[in-house]
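Subject: Handing over the structure

Dear colleague,

Please find the structure below, followed by some notes on what was found in it. I suggest keeping the view open while you read.

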Amino acid sequence: MAVQRPAPGISTTDLDVVMRAARAFSAVVATSLARTDDVVTWPQLRVLVLVATRPDVTATAVADALDIHLSSASRLCDRLVNAGLVERRTSTSDRRNLLLSLTAKGSELIEQIMQDRRRAFTSILEQMTPSDRIALHHCLEIFAQAAGEPPEDSLLFG
């Protein structure tokens with residue numbers, strides 16, 4: 001398998017450090033997901049987080065966020081509805097749209113996962129110096145913005 005070269009202007013070292021950090025983030029996410037006794041899959045968790053953090057999420061928004069076909073997103077949402085984690089409701093502004101929202105069970109699951117992640121990330125951050133945490137904060141803020149993540153203060157659930 002050939003290693004993909006980064007785009008012009010991006011060094012292999014830059015890409016390597018992001019990939020290394022992604023492995024660390026993925027490990028924390030995987031551990032928090034494993035503690036849920038496999039209640040949800042990775043894609044289902046992504047949908048739950050989208051629903052928890054953004055207003056007026058529809059199956060179309062899920063499809064766009066996951067870069068999947070609308071029918072796949074609808075099936076994913078159906079599974080979450082059937083599991084009692086998400087519910088659909090008709091939009092008050094456009095009756096053709098079904099909005100997704102977390103049920104109490106879905107909210108509890110997300111809160112458990114987020115608490116696990118906060119503990120894990122706190123443990124990692126405690127190993128860093130204050131100045132390194134400031135530098136990390138600055139870089140991750142820029143990275144999250146470039147990735148299209150909304151600012152923390154605009155989220156419904158952090």
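Is the crossing of α1 and α5 left-handed or right-handed? In this model, which is predicted, the two helices cross in the right-handed sense. Helix α1 (residues 12-34) and helix α5 (residues 104-125) pack at an angle of about 140 degrees, and their axes are 9 Å apart. That angle makes α1 oblique to α5. On the α1 side the contact is made by F25, V28, V29 and S32, while α5 contributes I113, D116, R117, A120, F121 and I124. When you look at such lists of residues, it may help to remember that an α-helix has 3.6 residues a turn, so residues three or four places apart point the same way.

A second pair of helices can be described in the same manner. Helix α3 (residues 59-66) packs against helix α4 (residues 70-82) at an angle of about 115 degrees, with the axes 8 Å apart, and the two are therefore roughly perpendicular to each other. The crossing of α3 and α4 is right-handed. Here A59, T60, V62, A63 and L66 in α3 meet L70, A73, S74, L76 and C77 in α4.

In the loop between these two helices lies I68, which counts as partly exposed at 33% relative accessibility. Apart from its neighbours within four places in sequence, I68 is in contact with A63, A73 and L76. L76 is also a contact of Q44, as are V39, R79 and L80, again leaving aside neighbours within four places in sequence. Q44 belongs to helix α2 (residues 42-53) and is buried, because its relative accessible area of 9% is under the 20% cut-off.

Turning to the strands, β1 (residues 86-90) and β2 pair in the antiparallel sense over five bridges, and one of the residues involved, E87, has S101 in β2 as its bridge partner. Four of the five residues of β2 (residues 98-102) are buried, so this strand is largely enclosed by the rest of the structure.

Finally, helix α6 (residues 130-146) allows a small check of its length. At 1.5 Å a residue, its 17 residues should span 24 Å, and the C-alpha atoms at its ends are indeed 24 Å apart, which agrees. Just after α6, G148 takes a positive phi of about 85 degrees.

With best wishes

Conventions: Residues are numbered from 1 along each chain as its sequence is written. This is a predicted model: local features need pLDDT of at least 70, side-chain atom pairs count only at pLDDT 80 or more; totals for chains, interfaces and linings use all residues. Side-chain values use heavy atoms; hydrogens and water are left out. The expected span of a helix is 1.5 Å times one less than its number of residues. Buried means under 20% relative accessible area, exposed over 50%, partly exposed in between (1.4 Å probe, protein chains only). Two strands pair if DSSP finds at least two bridges between them. Axes are lines fitted to C-alpha atoms, for helices over the stretch in contact, and angles run from 0 to 180 degrees between N-to-C directions. Angles under 35 degrees count as roughly parallel, over 145 as roughly antiparallel, 65 to 115 as roughly perpendicular and the rest as oblique. A crossing is left-handed if the near helix is turned anticlockwise from the far one by less than a right angle, and right-handed if clockwise. Contact means heavy atoms within 4.5 Å.
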